[in-house]
Amino acid sequence: MTENIEHLILEQFRALRNQITALQTDMHNEFNDVKHRINRVESAIAGIRRDEAGTAEDIARQQATIDRLKDRLDRIERRLELIDDI
């Protein structure tokens, strides 16, 4: 009788160990998937930041061109005496 109980307890422990091992494997796989996804999100954010920096650079370059054109236009208007002094 005691042997039967010990055998049943050992079977339950083996079943629990197998369940724990399966859970550990599942958790390991899920963590790897989460790490991979986080890495992709971080890469995407870095790409967005590069794009934003490029856009800001383009805007600054365009503004500098507009400023130079405005200065040239002002000089032309002064030479042609098209500016009304107020």
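This passage describes the helix of a predicted model, two patches on its surface, and the residue Glu81.

Helix 1 runs over residues 2–79 and so comprises 78 residues. From its first C-alpha to its last, helix 1 reaches 114 Å, which is close to the 116 Å expected at 1.5 Å a residue.

Two surface patches were identified, and they are described here in turn. A nonpolar surface patch of about 730 Å² is made by Met1, Ile5, Ile9, Leu10, Phe13, Leu16 and Ile20, and among these residues Ile20 lies in helix 1. For the spacing of such residues it is useful to recall that an α-helix has 3.6 residues a turn, so residues three or four places apart point the same way.

The other patch is positive and is formed by Arg72, Arg75, Arg78 and Arg79. Of these residues, Arg78 lies in helix 1, and Arg78 counts as exposed because its relative accessibility is 52%, the cut-off for an exposed residue being over 50%.

After helix 1 the backbone shows a feature that deserves separate mention. Glu81 lies in the segment that follows helix 1, and this residue has a positive phi of about 55° although it is not a glycine. Most residues other than glycine have a negative phi. Glu81 is also exposed, because its relative accessible area is 69%, and this value is likewise judged against the cut-off of over 50%.

Definitions and conventions:
Residues are numbered from 1 along each chain as its sequence is written. This is a predicted model: local features need pLDDT of at least 70, side-chain atom pairs count only at pLDDT 80 or more; totals for chains, interfaces and linings use all residues. Side-chain values use heavy atoms; hydrogens and water are left out. Helices (H or I, at least four residues) and strands (E, at least two) are DSSP runs, numbered from the N terminus. The expected span of a helix is 1.5 Å times one less than its number of residues. Patches are made of residues with over 30% relative accessible area and no salt bridge: like charges are joined within 9 Å, nonpolar side chains (Val, Leu, Ile, Met, Phe, Trp, Tyr) within 5 Å. Accessible areas come from the Shrake-Rupley method with a 1.4 Å probe; for residues, only the protein chains shown count as cover. A salt bridge is a side-chain nitrogen of Lys or Arg within 4 Å of a carboxyl oxygen of Asp or Glu. Lys and Arg count as positive and Asp and Glu as negative; His and the chain ends are not counted. The place of a charge is taken as NZ of Lys, CZ of Arg, CG of Asp or CD of Glu. Buried means under 20% relative accessible area, exposed over 50%, partly exposed in between (1.4 Å probe, protein chains only).
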